[in-house]
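Colleague: Could you take me through a close look at a single part of this model, going slowly and keeping to what the coordinates support? I would like one connected account that I can follow with the structure open beside me.

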Amino acid sequence: MTKTTNGRILERILDPVSSVLNDEATRKLIGLKAHRQGQARVAQLARKCNEGKLTADERAEYETYVMAGEFIAILQAKARILLARSGQPT
């Protein structure tokens, strides 16, 4: 399955979630950021991946981070759309 296919599947799955967000939850979702330790770990794994030096466990961990990042990014995009449709600034 390609990254694009995964993104489309995630988007379909997340449609019902985004439809029940209130303004407060929408704004909090848009403001979500990974903590520094998580960001540092992803950067480390990305570097090792680019060098072809990931172990099988590290690859699985990295793929999980990437999937979680896609999940959150799609939810955040949907939240921004909801706010824009309601005429509120993001």
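Modeller: Gln39 has its place in helix 3, and that is where I would begin, with the reminder that this is a predicted model. With a relative accessible area of 43%, Gln39 is partly exposed, because that value falls between the 20% under which a residue is buried and the 50% over which it is exposed. If you follow the chain onward from Gln39 to Tyr65, you pass along 26 residues, and the C-alpha atoms of the two are separated by 9.6 Å.

Tyr65 leads to the largest pocket, since Tyr65 is among the residues that lie nearest the centre of that pocket, together with Ala34, Ala68, Gly69 and Ile72. The lining is made of 14 residues, and the space in this pocket comes to about 350 Å³. Two elements each give two or more residues to the lining, namely helix 3, which covers 36–50, and helix 4, which covers 56–85. Of the elements, helix 4 gives the most, with 8 residues. Sorted by class, the lining has 9 nonpolar residues, 4 polar residues and 1 charged residue. As for how such a space is found at all, rolling a probe the size of a water molecule over the atoms shows where empty space is left.

Ile72 deserves a second look, because besides lying near the centre of the pocket this residue of helix 4 also belongs to a nonpolar patch on the surface. The patch is formed by Ile72 with Leu32 and Phe71, and the three together have about 240 Å² of accessible area. Ile72 itself counts as partly exposed, because its relative accessibility is 34%, a value between the limits of 20% and 50%.

From the pocket, one can turn to the charged contacts that involve helix 3 and helix 4. In general, side chains of opposite charge can pair when their charged atoms come close. The structure holds 5 salt bridges, and one of them is formed by Lys48 and Glu58, whose closest N and O atoms are 2.7 Å apart. Lys48 lies in helix 3 and Glu58 in helix 4, so this pair ties together parts of the chain that are 10 residues apart in sequence. The two partners are covered to unlike degrees: Lys48 is partly exposed, with a relative accessible area of 24%, whereas Glu58 is buried, with a value of 14%.

Helix 4 also takes part in a salt bridge with helix 1, which spans residues 3–18: Asp15 of helix 1 and Lys78 of helix 4 are 63 residues apart, and the pair links distant parts of the chain. Their side chains meet at 2.3 Å, N to O. Here Asp15 counts as partly exposed at 37% relative accessibility, while Lys78 counts as buried at 11%. Another pair of positions to view alongside this one is Val17 and Leu75, which are 58 residues apart in sequence and 8.2 Å apart in space, C-alpha to C-alpha. Val17 lies in helix 1 and counts as partly exposed, at 36% relative accessibility.

A further salt bridge joins the side chains of Lys53 and Glu51, at 4.0 Å, N to O. Lys53 counts as exposed, because its relative accessibility is 54% and the limit is over 50%, whereas Glu51 is partly exposed, with a relative accessible area of 47%.

Lys53 also offers a useful counterpart to the pair with which I began. Arg27, whose place is in helix 2 (residues 23–30), is 26 residues from Lys53 along the chain, and their C-alpha atoms are separated by 39 Å. Gln39 and Tyr65 are likewise 26 residues apart along the chain, with a C-alpha separation of 9.6 Å. Arg27 is partly exposed, with a relative accessible area of 36%.

Conventions. Residues numbered from 1 in each chain as written. Predicted model: local features only at pLDDT ≥ 70, side-chain atom pairs only at ≥ 80, totals over all residues. Heavy atoms only, no water. 1 Å grid on protein atoms, 1.4 Å probe; cavity = no way out; pocket = protein on both sides within 12 Å on 5 of 7 lines; lining within 4 Å. Points joined across faces, edges and corners; volume = space filled by probe spheres on them. Helix = DSSP H or I, 4+ residues; strand = E, 2+ residues; numbered from the N terminus. Nonpolar A, V, L, I, M, F, W, Y, C, P; charged D, E, K, R; others polar. Patch = residues over 30% accessible without salt bridge, like charges linked within 9 Å, V, L, I, M, F, W, Y side chains within 5 Å. Areas by Shrake-Rupley, 256 points an atom, 1.4 Å probe, with all protein chains shown as cover. Buried < 20%, exposed > 50% of the residue type's maximum accessible area, 1.4 Å probe, protein only.
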